[in-house]
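Dear colleague,

Please find below the structure that I am handing over to you. My notes on its packing follow it.

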Amino acid sequence: MRVFVNDKAVEVPRGARVRDAVAQADDGLARLLDGAAYVTDAAGRTIDAGDAVGEAGSVYRVVVSARGGREGKPRLTKDVLRRWPKAELHVHLDGALRPATMLDLARLQGIRLPADTPDALAKAMLVRDAKNLEEYLQKYEITLSVLQTAAALERVAYEFVIDKAAENLRYVEVRYSPLLHRPALTLAQAIEAPLAGIRRASAETGTKVGLIVCAMRTKPPAESLELARVAAEYHAAGVTAFDWPVPSADFRRRSIARRSSTRRRTAWPAPAMPVRETAPTRSIRRSTTLAPSGSGTGRGSRKMPHFSRK
Ligand SMILES: [Zn+2]
C-alpha cells in the first residue's frame with residue numbers, strides 16, 4: 001500500500017513499520033532515526049518509528065533535529081557538529097574577519113571603526129533586519145575599509161583558513177572581488193595577497209581551499225573582463241573559479257560573453273551562469289538548475305575543470 005514520507009509516495013507491504021517506509025523513501029534518513037531524527041504524523045504528533053504504518057495514504061514526516069526528538073536529549077550537539085569533517089562552498093572573505101583583527105588593522109592604518117572593542121564591534125557588524133541585499137552589503141564597506149593593503153588581505157585570508165580548519169572544515173571555497181581593492185592594489189596584487197595567506201594556512205592545517213574571484217554587477221562590464229583575464233593567470237596558483245553575476249538582464253552578460261574571446265583564450269569552461277542575486281527565489285532555483293556546481297546566495301559559478309595544488 002501507498003504511504004507518504006516527507007511528501008514522497010512509497011509502497012510498503014501491509015504491516016510494515018514506519019521505519020521501513022522511511023527507509024524506502026530515503027535510506028540515509030532512516031539511519032538518522034537512531035539519533036538525530038524522529039517521525040511525526042501529518043498533524044505533527046511524534047510517533048514511534050517502530051510502530052506499524054497506519055492505513056494507506058498515511059502521511060509521515062521525518063524531522064532531523066539537534067534535540068533528538070522523543071526523549072528531548074540533544075544528540076546532534078554543536079560539539080558533535082564541530083568534530084564532523086565538513087566542506088563549505090560559499091563564504092565571503094571580506095565578511096569573515098576576526099573582530100580583533102579588524103581593530104588591529106584599523107589601528108595600523110589609522111581608520112575609524114564603529115566600535116573599539118572586539119565584542120562591541122562584532123555587535124555593530126551584526127545585521128539583524130536588513131530590508132534588502134543592498135542594505136546588508138553596507139557592512140562590507142566597513143570590512144573593506146581595512147582591507148586595502150596586501151598585508152591586510154594576506155593576514156585575513158590566513159586567519160580565515162586557520163579558523164575554518166579549527167571547525168574541521170576540510171575543504172572550503174572562499175570568494176571576494178579584487179575589484180574592490182582598487183586603486184590601492186593592482187588586480188594582480190589583490191589576488192596574490194590572499195593566495196599567499198591561504199597557501200601558508202593550508203600548509204599548516206591541511207585544509208584545502210579554493211579561491212573564487214568575483215566580478216561585480218555594480219561595475220562596468222569591461223572591468224569584469226579585465227578581471228577575468230587576470231584571474232585566469234592564477235588558476236594554477238589556487239583560483240578555483242570566476243563568478244560573474246549579471247548586472248541587470250541576462251542578455252547583457254550574454255552579449256559580453258559572445259563578444260569576448262577571453263573564454264577561448266583562458267581555461268574557463270564557461271562564464272558564470274546568468275543569475276540575479278537580488279531576486280532570490282527564482283535565481284536560486286535557476287542557479288541550481290543551470291549550474292550544479294554553483295552554490296549559495298543565488299549566484300551561480302562554474303568550476304574550472306580541475307582543482308588541485310595544495
Ligand atoms: Zn554570497
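A residue is called buried if 20 or more other C-beta atoms lie within 10 Å of its own, exposed if 12 or fewer, and partly exposed in between, with C-beta atoms placed from the backbone. This is a predicted model, in which local features need pLDDT of at least 70 and side-chain atom pairs count only at pLDDT 80 or more, while totals for chains, interfaces and linings use all residues. Residues are numbered from 1 along each chain as its sequence is written.

Helix α8 (helices are DSSP runs of H or I, at least four residues; strands are runs of E, at least two; both are numbered from the N terminus) has 19 residues. Its buried residues are L187, A190, I191, A193, P194, G197, I198, A201 and S202. They sit on the same side of α8 because they cover an arc of only 160 degrees around the axis, the arc being that of the directions from the helix axis to the C-beta atoms. On the other side, A203 and E204 are exposed. The buried residues of α8 pack against α7, β7, β8, α9 and β9, where contact denotes C-beta atoms, placed from the backbone, within 7 Å.

The largest nonpolar core (buried Ala, Val, Leu, Ile, Met, Phe, Trp, Tyr and Cys residues joined through C-beta atoms within 7 Å) has 38 residues, and V156, A157 and V213 have the most contacts inside it. Helix α7 gives the most to this core, with seven residues. Beyond its neighbours within four places in sequence, V213 is in contact with P178, I191, L227, A231, V239 and F242.

Yours sincerely

Terms used
Two residues are in contact if their C-beta atoms, placed from the backbone, lie within 7 Å. The expected span of a helix is 1.5 Å times one less than its number of residues.
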